[in-house]
Amino acid sequence: MRDTLSQLKRRLAALEPAAPRPAAGRIALGCPALDTALGGGLLRGRLHEIFAASPAEASTAAGFIAALSSRAADGRHCFWVRQGFAETEAGALHAPGLAALGLDPDALILVRARDGLGVLRAALEALRCPALGAVIIEPWGEPKALDFTASRRLALAAARSGVTCFLLRLNARLRPSAAATRWRAAAAPSRPLSVNTSGAVNTYGAANTSGAANAPGAACFDIALLRQRAGMAGTSWRLEWDHALRVFNEAPPL
């Protein structure tokens, strides 16, 4: 593990920012109701915790985090550390799927760790690198190493470097943590694609004489804000992801 961390430190040290670091503040997500509830957007340089609503929603929670990370990164590299068992249970990351959510696979540093402690060690090293746009931490279940003190260390490291950190919780219960926000994510039905008269697929256009493509449209999430420090919580939204503009919109009724 020591050799692996040394290699990771060297790779992170070699990164150069792709763009000037965004000013500290908030990340607007696009949906006015959501941004208003967050006081203008998601806080940068903080720890945010996202729970899958059920074991079957692991990919949904991961997709929600990928979309959030694409907003936070602003052209910088992202770092994703996964516990090996999480990949066994939830499946491997799918590069085209990440790209469709706005997260460039070529700008993603992916690390696999054997256990929860390894995940946390790698995450802390990454959070010390201000050249990164976002750090995603994916342990499995409730590792003993991930207690309140550990979450506090992650939160402090994110605040010092200004790197936004997303903690993906799979097969885990709600426990005290130092996260600035806590969310629950589940899949929602998406609007079907429509086809225009030339046969080109249009995600948001109205149905026309060519008929529907009978295929799923934009990714759609049922999101609940469970907790927010010094802010409102207990609110939920159905959000549709616009992959072209990389923003969330409130999904219209089907």
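Q: Are Phe64 and Phe221 buried or exposed?
A: Heads up, this is a predicted model: local features need pLDDT (the predictor's confidence in each residue, from 0 to 100) of at least 70 and side-chain atom pairs count only at pLDDT 80 or more, while totals for chains, interfaces and linings use all residues. Residues are numbered from 1 along each chain as its sequence is written, and side-chain values use heavy atoms, leaving out hydrogens and water. Buried means under 20% relative accessible area, exposed over 50%, and partly exposed in between (1.4 Å probe, protein chains only). Phe64 and Phe221 are both buried.

Q: How are the rings of Phe64 and Phe221 arranged?
A: Searching the whole structure turns up six aromatic pairs (Phe, Tyr or Trp rings, using the six-membered ring of Trp, with centres within 6.5 Å). Planes under 30 degrees apart count as stacked, over 60 as edge-to-face and the rest as tilted. For Phe64 and Phe221, the centres are 5.8 Å apart and the planes sit at 50°, so this pair is tilted.

Q: Which helix and which strand does that pair link?
A: Helices (H or I, at least four residues) and strands (E, at least two) are DSSP runs, numbered from the N terminus. The two residues are 157 residues apart, so to speak at distant parts of the chain: Phe64 is in helix H3 and Phe221 in strand S12.

Q: What span should H3 have?
A: The expected span is 1.5 Å times one less than the number of residues. H3 has 16 residues, and its end C-alpha atoms are 22 Å apart, which agrees with the expected 22 Å.

Q: How many residues of H3 are buried?
A: H3 is mostly covered. Out of its 16 residues, the buried ones number 15.

Q: Which helix gives the most to the largest nonpolar core?
A: A nonpolar core is a set of buried Ala, Val, Leu, Ile, Met, Phe, Trp, Tyr and Cys residues joined through side-chain atoms within 4.5 Å. The largest one holds 41 residues, and Ile50, Trp183 and Phe248 touch the most other members. With ten residues, the top contributor is helix H3.

Q: Over which residues does pLDDT stay under 50?
A: The chain averages a pLDDT of 85, and 82% of the residues score at least 70. Where pLDDT is low, don't read the predicted coordinates in detail. The stretch with pLDDT under 50, which has 30 contacts (heavy atoms within 4.5 Å) beyond four places in sequence, is residues 195-212.
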